[in-house]
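Trainee: I'd like a close look at one part, please: the largest pocket and the residues around it. Keep it friendly for a first-year.

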Amino acid sequence: MPPGRGRRPAHEVRSATLAAASDLLFSQGIRSITFEKVAARAGASKVTLYKWWPSPGALAFEAYFAAVEDTLAFSDTGDIRRDLTTQLHAFVDLLDRNGSVIAEIIGAAQTDPGLAAALSEQYIRPRRNLAVERLTIARAAGQIRHTADLEAIVDQLWGACYHRLLLPTEPLTIEFADALIANLFPGIAP
């Protein structure tokens, strides 16, 4: 910060903190995220970080999500099969590039209550809600069966991808995503 400028606005500090955390996370992994390291890189105080995030894991998750949020947008072209395919392809591509990061976040959430809460509240539930909302629109448009269990569809598609990410005996590929979609639609078609 240039001399004489005074305090930075909170949104600038937050943005710099998320950028610093994201750089550390993607280059060195979740274990590299400490309030001390991130504060030093961002030019922020550790007290500020402690005030905004319950744990370094929660900060790491928010940095991850801020970096990938646009990639995981859920489009509505009016064709649910196309939209699911597009979204699943983007998700598989993201996991192909950064899967180890999300795997570390999921693993760390098992013993970090602050991270587990952030993961659930800021990522898992909102992402599920987006998918269910899009599926609800498709059901109302007659594109999927009225009796289809929308939450189960989410688990079938994204849960299968997480399974291959976390238990990597089989590859997580675009072809696998296409097979998931192909297997799903005979069961949910009207």
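Mentor: Let's start with the overall fold, then go to the pocket and follow its residues outwards.

What you see is a predicted model, so local features are used only at pLDDT of at least 70 and side-chain atom pairs only at pLDDT 80 or more, while totals for chains, interfaces and linings use all residues. Residues are numbered from 1 along each chain as its sequence is written, and side-chain values use heavy atoms, without hydrogens or water.

The protein has eight helices and zero strands (DSSP runs numbered from the N terminus: helices are H or I with at least four residues, strands are E with at least two). Read from the N terminus, that gives α-α-α-α-α-α-α-α. The C-alpha atoms fill a box of roughly 65 × 35 × 25 Å along the principal axes. Of the 190 residues, 44% count as buried (under 20% relative accessible area; over 50% is exposed and in between is partly exposed, with a 1.4 Å probe and protein chains only).

Now to your pocket (on a 1 Å grid over the protein atoms alone, an open set of points where a 1.4 Å probe fits, with protein on both sides within 12 Å along at least five of seven lines; lining residues have an atom within 4 Å of a point). The largest one holds about 280 Å³ of space (the space filled by probe spheres set on the points, which are joined across faces, edges and corners). Its lining has 17 residues, and Y123, R127, R128, W158 and Y162 lie nearest the centre. Helices α5, α6 and α7 each give two or more residues to this lining. With six residues, α6 provides the largest share. Sorted by class, the lining has twelve nonpolar, two polar and three charged residues (Ala, Val, Leu, Ile, Met, Phe, Trp, Tyr, Cys and Pro are nonpolar; Asp, Glu, Lys and Arg are charged; the others, Gly among them, are polar).

Two of those central residues are worth following. The structure holds eight aromatic pairs (rings of Phe, Tyr and Trp, the last by its six-membered ring, with centres within 6.5 Å; planes under 30 degrees apart are stacked, over 60 edge-to-face, the rest tilted). One pair joins F61 and Y123 edge-to-face, at 5.9 Å centre to centre and 75 degrees between the planes. Because F61 lies in helix α4 and Y123 in helix α6, the pair ties together parts that are 62 residues apart in sequence. Both F61 and Y123 are buried. F61, F65 and Y123 also form one aromatic cluster.

W158 has a partner too: with F74 it makes a tilted pair, 6.1 Å centre to centre and 50 degrees between the planes. F74 sits in the loop between α4 and α5 and W158 in helix α7, so this pair ties together parts that are 84 residues apart in sequence. W158 counts as buried because its relative accessibility is 9%, and F74 does so at 16%.

From W158 you can step into the largest nonpolar core (buried Ala, Val, Leu, Ile, Met, Phe, Trp, Tyr and Cys residues joined through side-chain atoms within 4.5 Å). This core has 63 residues, and W158 is among those with the most contacts inside it, along with L59, L84, I105, I144, I153 and L157. Helices α1 (10-28), α2 (35-42), α4 (56-68), α5 (80-109), α6 (113-140), α7 (150-166) and α8 (174-188) each supply at least two of its residues. The largest share, twelve residues, comes from α5. Take I153 as an example: leaving aside neighbours within four places in sequence, I153 is in contact (heavy atoms within 4.5 Å) with L135, I144, A148, L184 and I188.

For contrast, here is the second largest pocket, with a volume of about 230 Å³. Its lining includes R7, R8, P9 and W52. Here α1 and α3 (46-52) each supply at least two lining residues, and α3 gives the largest share, three. The class count is five nonpolar, three polar and three charged residues.
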